[in-house]
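Open the model in your viewer and set it to show side chains as sticks. The stops below say what to select and what is there.

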Amino acid sequence: MTAHTDCPLCNSDGGAVLFRNAFLRVVDAQQADYPAFTRVILNRHAQEMTDLNQTERSSLMSAVYLVEALQRRHFQPDKINLAQLGNMVPHVHWHIIARFADDKHFPNPIWGVPREPAGVSDSHELQPVPSRSAQTSQHVKAYHRDITQSFTALFDHPDQTLPQQTLFEQTLQQIIDS
Ligand SMILES: [Zn+2]
């Protein structure tokens, strides 16, 4: 494994770890306006998805989809944003962000321009939506517990990178239907 001494995701977890196996980790990336923000991070250093082999790509994306499904179960968001940018930190990691039509930036990306509150478009102080993030915060503990449990059930196999696909698809469907 190549050590990248100047890479923050090689040198630290990148957030509170909710689950980790030999290949990837899932971390709590919550921000004030986005309590459900979660990241799936490749443990080893690789810059692009095409630096991974097919099994690794499938495993990483399965992890992203499992987080997405769990966000649907716990938050019923209007949309889920999946983002893999890496312009600032070129180490493969995915952002999974539950979005709501009344959140701070909707319909822009969370890194974009905040939404202007109705009627105060000339104000310099753009107000966040405290009720939305407070409401989301109430479910974060249960969501994090579910991440740990669901990932442990599906991804905690030292001898295989990829979860068993039939079981994985069944679980994903159960979560979405619940
Ligand atoms: Zn790295």
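Start by selecting β5 (93-99) and α3 (130-137), with helices (H or I, at least four residues) and strands (E, at least two) taken as DSSP runs numbered from the N terminus; each of the two supplies at least two residues of the lining of the largest cavity. This is a predicted model, in which local features need pLDDT of at least 70 and side-chain atom pairs pLDDT 80 or more, while totals for chains, interfaces and linings use all residues. Residues are numbered from 1 along each chain as its sequence is written, and side-chain values use heavy atoms, with hydrogens and water left out.

Next, select the full lining: Asp33, Tyr34, Pro35, Ala36, Phe37, Ile97, Ala98, Phe100, Asp103, Arg132 and Thr136. A cavity is a set of points on a 1 Å grid over the protein atoms alone where a 1.4 Å probe fits but cannot get out, and lining residues have an atom within 4 Å of a point. The structure holds one cavity of 30 Å³ or more, and the largest cavity contains about 60 Å³ of space, the volume being that filled by probe spheres set on the points, which are joined across faces, edges and corners.

Now move to the zinc ion and select Cys7 (SG), Cys10 (SG), His45 (ND1) and His91 (ND1), its protein donors at 2.0 to 2.3 Å. Donors are N, O and S atoms within 2.8 Å of the metal (3.2 Å for Na, K and Ca). Along the chain their spacing is C-x2-C-x34-H-x45-H.

Finally, keep Cys7 and His91 selected: both are buried, meaning under 20% relative accessible area (1.4 Å probe, protein chains only).

Note on methods. On a 1 Å grid over the protein atoms alone, a cavity is a set of points where a 1.4 Å probe fits but cannot get out, and a pocket is an open set with protein on both sides within 12 Å along at least five of seven lines; lining residues have an atom within 4 Å of a point. Buried means under 20% relative accessible area, exposed over 50%, partly exposed in between (1.4 Å probe, protein chains only).
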